[in-house]
Amino acid sequence: MEVFHGSPLKAPAVEIVDLSSEHGVDDEKRDVEREDASSPETDNGDDDDHLSLYEDMLDSMPEHAGWEDAPVDVCTVEESFSFRKRLRLVGEDQFITETIEIGAITAKKLCTAFGIRPPPFLEGQPDFKYFPLLGLGITRELSKRVKLPQYNTIDDAVHLLNKSKNIIVLTGAGISTSLGIPDFRSKETGLYSQLEHLGLSDPQEVFDITIFREDPSIFYSVAKDILPSTRKFSPTHAFIKLLQDKEKLLTNFTQNIDNLESYAGILPEKLIQCHGSFATATCVECGYRVKCEEIYKDLKAGRVARCDRCIRNMRLKPFGIKRKRSTNGLSTSKKKRQSYEDSTDDEDYDIAVAGVMKPDITFFGEDLPETFHDRLAKHDKEIVDLVIVIGTSLKVAPVSEVSGFLPPETPQIYISREPCQHVDFDIDMLGECDTIVTELCRRAGWDLKHEMIKDDDVDVQLHEGYESRYSFRITSA
């Protein structure tokens, strides 16, 4: 039987990003590879182009658990677990021989065992067309950390909390939702679902640096919805502070931009704000930095903030020749006046050419701060003894790769509303983050204090079919 067409499954399918490198895969190399893949002169142009497409879309595909409208030809949870276990036991080559080469299962169906939903454009295609996608799924599976079998129970989690001295806490938007701050990806309530009215091809474009440079008014129109309106912090923030007080906190890597960790008292030397924060804002033209409070009025009004220093410097220059309007990265060819550009004569002369103030949050297309890579690779990796991931679905690289980058013998705990399907944590605790950390502290004998904590009974249930996944639910008010 002829199995391999164009992209053999037993060949390496994707390069694994090294987080110890500041930028991961070299941008220039990636651009060249994609140019080659899309070139019509390439012998296998179509296959290579699809492979590049698969790599781009892989992480955005839904996980197996949420496929309510999935076709019949999908691996069950039990089958998926069995296939993944077998892959690790016998290795990639033997696994392909036992499954695809002997015709035991189609590549299309086997993709679903690795959490990959075959895309619509492949429907009706020969099975070998699914090989590149399956190859990527297998490579991703083999790059994951392996669950440590000795950690399974809530008592194990409490024991780890008590004995560990260098804990990495990796946090996301879920630790702030109890304060009324929306997360990004929840259906209906998440920020991205609320941005669909903007008519963007992808709501994430609001945080795309190229889009911001072309038209900052898109970001400013929604900034008020993500701008921290309070300095109050949640019980989960207080839990991280308690770890610090007990001299157990190694580093809090936060993806949040609300700066609430600082308000909770996490020391600057213990905090890495992976995606920046609203603490400061910087002019995209002259680099002038201010405290973000200085542009709060503009942010809350949905009005593009301009750089005061740019305006002052321009007003010191002699009048006479009208200056050209700044294009903010747009082409100088004829175009409609952007809605964020002011229209009065004075403003057209002064303010319109002043630099735009950008809050110091990390947009898509911008590098993470050097402190992220340096702290993780050069300091934390060698001494961390416990990882706690709280309130994040781990969808955005490179933070999503932290779990697999750390030593495989380091235990890892996951706390969030929904399970993280693409990472094998040692213990999963599902529910409201505040409820879970409060219950862990109670069992550990720690005195976690916060005004939002009530004397509630918490019901903890083991999920059927799992040995280390639990749900936490308040049973009394």
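When I speak of a contact this morning, I mean heavy atoms within 4.5 Å. With that in hand, let me turn to the chain in front of you, which is a predicted model. In the protein chain, residues 24 or more positions apart account for 68% of the contacts that have a separation of 6 or more. The chain holds 18 helices and 11 strands, and of its 477 residues, buried ones make up 47%.

Let me begin with the interior. In soluble globular proteins, nonpolar side chains tend to be buried together. Here the largest nonpolar core has 35 residues, and those with the most contacts inside it are Phe239, Ile415, Met429 and Leu440. The elements that give two or more residues to this core include helix 7 (154-163), helix 11 (235-245) and helix 18 (433-444), and, on the strand side, strand 1 (167-171), strand 7 (386-390), strand 8 (412-416), strand 9 (427-430) and strand 11 (469-474). Which element supplies the largest share of this core? That is helix 18, with six residues.

To see how this core is put together, consider isoleucine 415, which, if we leave aside its neighbours within four places in sequence, is in contact with Ile388, Val389, Ile390, Gly391, Met429, Cys433, Ile436, Val437 and Leu440. Apart from this core lies another one, of 30 residues, and among them are Val222, Ile257, Val290 and Tyr296.

Serine 416 lies in strand 8, and it is buried, with a relative accessible area of 9%. Not counting residues up to four places away in sequence, serine 416 touches Gly391, Thr392, Met429, Leu430, Gly431 and Cys433.

Isoleucine 154 brings in helix 7, in which it lies, and this residue is also buried, at a relative accessible area of 5%. Its C-alpha atom and that of arginine 469 are separated by 9.4 Å, although the two residues are 315 residues apart along the chain. With neighbours within four places in sequence again left aside, isoleucine 154 is in contact with Met429, Leu440, Arg443, Val460, Tyr470 and Phe472.

Leucine 250, which has its place in strand 2, is buried with a relative accessible area of 4%. Between leucine 250 and lysine 270 there are 6.5 Å in space, C-alpha to C-alpha, and a distance of 20 residues in sequence. Beyond its neighbours within four places in sequence, leucine 250 is in contact with Asn166, Ile167, Ile168, Lys270, Arg375, His379, Asp380, Ile383 and Val384.

I would like to move now to helix packing. Two packed helices are described by the angle between their axes and the distance between the axes. Helix 4 (residues 92-101) packs with helix 6 (residues 131-143) at an angle of about 135°, and their axes are 12 Å apart. Helix 4 and helix 6 are therefore oblique to each other, and their crossing is right-handed. Helix 4 makes this contact through Glu92, Phe95, Ile96 and Ile100, while helix 6 makes it through Phe131, Leu134, Ile138 and Leu142. Sorted by class, the residues of this contact are seven nonpolar, no polar and one charged.

Helix 6 also takes part in a second pairing, with helix 3 (residues 77-90), where the axes come within 11 Å and cross at roughly 70°. Is this arrangement roughly parallel or roughly perpendicular? Helix 3 and helix 6 are roughly perpendicular to each other. Arg84, Leu87 and Arg88 of helix 3 meet Ile138, Glu141 and Leu142 of helix 6, and these residues divide into three nonpolar, no polar and three charged.

Finally, a word on backbone geometry. Most residues other than glycine have a negative phi, and most peptide bonds are trans. Glutamate 247, which is not a glycine, nevertheless has a positive phi of about 60°; its place is in the loop between helix 11 and strand 2 (249-254). Leucine 394, likewise not a glycine, has a positive phi of about 55°, and its place is in the loop between strand 7 and helix 17 (402-405).

Which of these loop residues is exposed, and which is buried? Glutamate 247 is exposed, because its relative accessible area is 69% and the cut-off for exposed is over 50%. Leucine 394 counts as buried, because its relative accessibility is 3% and buried means under 20%.

Key: Residues numbered from 1 in each chain as written. Predicted model: local features only at pLDDT ≥ 70, side-chain atom pairs only at ≥ 80, totals over all residues. Heavy atoms only, no water. Core = buried A, V, L, I, M, F, W, Y, C linked by side-chain atoms within 4.5 Å. Buried < 20%, exposed > 50% of the residue type's maximum accessible area, 1.4 Å probe, protein only. Helix = DSSP H or I, 4+ residues; strand = E, 2+ residues; numbered from the N terminus. Axes fitted to C-alpha atoms, helices over the stretch in contact; angles between N-to-C directions. Parallel < 35°, antiparallel > 145°, perpendicular 65-115°, else oblique. Left-handed = near helix turned anticlockwise from the far one by under 90°. Nonpolar A, V, L, I, M, F, W, Y, C, P; charged D, E, K, R; others polar.
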